Amino acid sequence: MAKKELKEKSIEVTLWDSANKLRGSVEPAEYKHVVLGLIFLKFASDKFEEHRKKLIADGKEKYAEMPDFYNASNVFFLDEISRWSYIIKNAKQSDIALKIDTALHNIEKNNKALKGALPDNYFSRLGLDITKLASLLDTINDIDTIKDKAQDIVGRVYEYFLSKFALAEGKGKGEFYTPKSIVNLIAEMIEPYKGIIYDPACGSGGMFVQSIKFIENHHGNKKEISIYGQEYTNTTYKLAKMNLAIRGISGNLGEKAADTFQDDQHKDLKADYIMANPPFNQKDWRAENELKDDPRWKGYDVPPKSNANYAWILNIVSKLSDNGVAGFILANGALSGGGEEYKIRRKLIENNLVEAILIFPSSMFYTTDISVSLWIINKNKKEQVRAVGSEKRHFRNREKEILFFDLRKSGVPFEKKFVQFSDETIQHIANTFHKWQQTEIESIPEFCYSAKIEEIEKKDFSLVPSKYIEFVNRDENIDFDDKMNLLKSEFANLLKAETQSRNDLLTVFKELGYEIKL
């Protein structure tokens, strides 16, 4: 692929076009590990070669094949058959898939930080077209992944591919990726400047990446952040480890991929910031008699086994430090559910933990078209002075208030059938939130409303924003959950009536001596 074409198209688009030609009948869920594994291999090799030249220039040539002299500088060591130059030299060979698998295996074996991170035997197993694979290798070869550190080329490519694969996998899949504008909004609202960041359902690690970008964009020091996460799916766990490694971010994602509820990898963790997008409405997350005495529910009812939404909430609350703040996404049903969910939600409100609720537009996620909500939980809503970056900020006491946002009209079109938040919208929402934290603000119809606890009690502890926010157009002042439950009831009655009518008609024909078989 000529470098001229790379200039005419963005690197991300050119790579995607080339990669798509190779995919053939391979499912996106598997194929993403092939492409992202190659991008990682090129990046790791470029970094290795850069450091190797430096060692030689500094008169340390005898150390040029010693792993410790790379790992000490946060550079992965690559043996000769794992280097990109070797792969390109053999790109047209019939066993190139095996050579790539071997290279990735050796890199993981020689670098402890990559344990469990790289694709395992994908290239040989999937039977990829050798000619098309060689073409993709040529395209990737044209990218100097370290030439412009400010542009973060490999990070851009990796993020672009993650989003495109999430789109390709579509509904019911692609849970490894949270749309970028949502992650940006969470980061801007909870402002993860310094301390421990945790994500109990970290997917491909997008929350961590955006946290680091937030710190860099606001002139903070990313060395003052520690990252902890957990991911259930093994292939996604690998994606997250690769995603962090590509960006030089060290993080503790646990010893293995594991279920956060059944095998908590960070039992004693207390985090300053939690960012999460756990699975929506997860059913049967525990057996009937399992986890009833789990310390994470202490002081609350046990979350119902039929839906894990409140188990995720209580896991997050239990992991927050005394001044910790969390921003996480849940399905809207959690805002008004009954039973144990009602009791837990009421206690959360009474304990002054809920700081803000934001309802999102539908079609923001690639995996579902439902509207979802962002919860902001804060362990310390009392009056305080806190350092936010280089700024000392005075926070007023907000213990008896919750700020509600209705953002259903705030999305802009994206990828034809999806919507996202613009950068301007994200700043407007975050600025409104931070202003409210510091001083009382006027409510804005169809956008935001600060509700006193007394009002929320009168609404029976519902956290549905439309119950509080004023709507100029009264037709829009409709509670979505109430309306849907009414429609569901009406539809069920119609189906019941239709079934009864059909049975009555069949009976009449049968009595006349004519039996109808359906």
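Okay, helices H10 and H11. H10 covers residues 180–190 and H11 covers 206–217, and their axes come within 9 Å of each other, crossing at roughly 55°. That makes the pair oblique, therefore neither parallel nor perpendicular in our terms. The handedness of this crossing is right-handed. One thing to keep in mind throughout: this is a predicted model.

So who makes the contact? On the H10 side we have Lys180, Val183, Asn184, Ile186, Ala187 and Glu188, and on the H11 side Gly206, Met207, Gln210 and Phe214. Sorted by class, that's 5 nonpolar residues, 3 polar and 2 charged.

Let me stay with H11 for a moment, and use it to get to the sheet. H11 lies across strands S1, S2 and S3, where S3 is 271–276, and it runs at about 170° to S2. With an angle over 145 counting as roughly antiparallel, H11 is therefore roughly antiparallel to S2.

Now the sheet itself. It's open, it has 8 strands, and the order is S2-S1-S3-S4-S6-S5-S9-S12, with mixed pairing. Which strands stand at the edges? Those are S2, residues 225–229, and S12, residues 448–452; each has a single partner strand, so one side of each is left without a neighbour in the sheet. Going from one strand to the next, the twist averages 15°.

If you want to look at one pairing in there, take S1 and S2. S1 is residues 195–199, it runs parallel to S2, and 5 bridges join the two. To find the register on screen, click on Ile197: it stands opposite Ile227 in S2.

Next, a hairpin. Strand S7, residues 384–388, and strand S8, residues 391–395, run antiparallel and are joined by 5 bridges. For the register here, Ala387 has Lys392 in S8 as its bridge partner. There are 2 residues between the strands of this hairpin, and Gly389 takes a positive phi near 65°.

While we're on S8, have a look at Phe395, which lies in that strand. Is Phe395 buried or exposed? Its relative accessibility is 1%, so Phe395 counts as buried. Leaving out residues up to four places away in sequence, Phe395 touches Lys382, Glu383, Gln384, Arg386, Val388 and Gln437. And here's a separation you can check with the distance tool: Phe395 and Lys417 are 22 residues apart in sequence, but C-alpha to C-alpha they are 40 Å apart in space.

Back to phi angles, this time without glycine. Most residues other than glycine have a negative phi. Two residues here go the other way. Asn352 has a positive phi, near 60°. Asn352 is found in the loop between helix H14, residues 339–350, and strand S5, residues 354–359. Asn352 also counts as buried, because its relative accessibility is 12% and the cut-off for buried is under 20%. Its contacts, again not counting residues up to four places away in sequence, are Asn378, Lys381, Glu399 and Lys400.

The other one is Ser363, which isn't a glycine either and has a positive phi of about 65°. You'll find Ser363 in the loop between S5 and strand S6, which is 372–378.

Last stop, back to helix pairs, towards the start of the chain. H2 is residues 11–23 and H9 is residues 153–169; their axes come within 9 Å and cross at roughly 50°. H2 and H9 are therefore oblique to each other, and their crossing is right-handed. From H2, the contact uses Ile11, Glu12, Val13, Leu15, Trp16 and Ala19, and from H9 it uses Ile153, Arg156, Val157, Tyr160, Phe161, Lys164 and Phe165. What does that contact look like by class? There are 10 nonpolar residues and 3 charged ones, with no polar residues.

One more residue before I stop, Asp129. Asp129 sits in the loop between helix H7, residues 122–125, and helix H8, residues 130–141. Its relative accessible area is 38%, so Asp129 is partly exposed. Along the chain Asp129 and Leu22 are 107 residues apart, yet their C-alpha atoms are separated by 6.8 Å.

Technical notes
Residues numbered from 1 in each chain as written. Predicted model: local features only at pLDDT ≥ 70, side-chain atom pairs only at ≥ 80, totals over all residues. Heavy atoms only, no water. Axes fitted to C-alpha atoms, helices over the stretch in contact; angles between N-to-C directions. Helix = DSSP H or I, 4+ residues; strand = E, 2+ residues; numbered from the N terminus. Parallel < 35°, antiparallel > 145°, perpendicular 65-115°, else oblique. Left-handed = near helix turned anticlockwise from the far one by under 90°. Contact = heavy atoms within 4.5 Å. Nonpolar A, V, L, I, M, F, W, Y, C, P; charged D, E, K, R; others polar. Pairing = 2+ DSSP bridges. Buried < 20%, exposed > 50% of the residue type's maximum accessible area, 1.4 Å probe, protein only.
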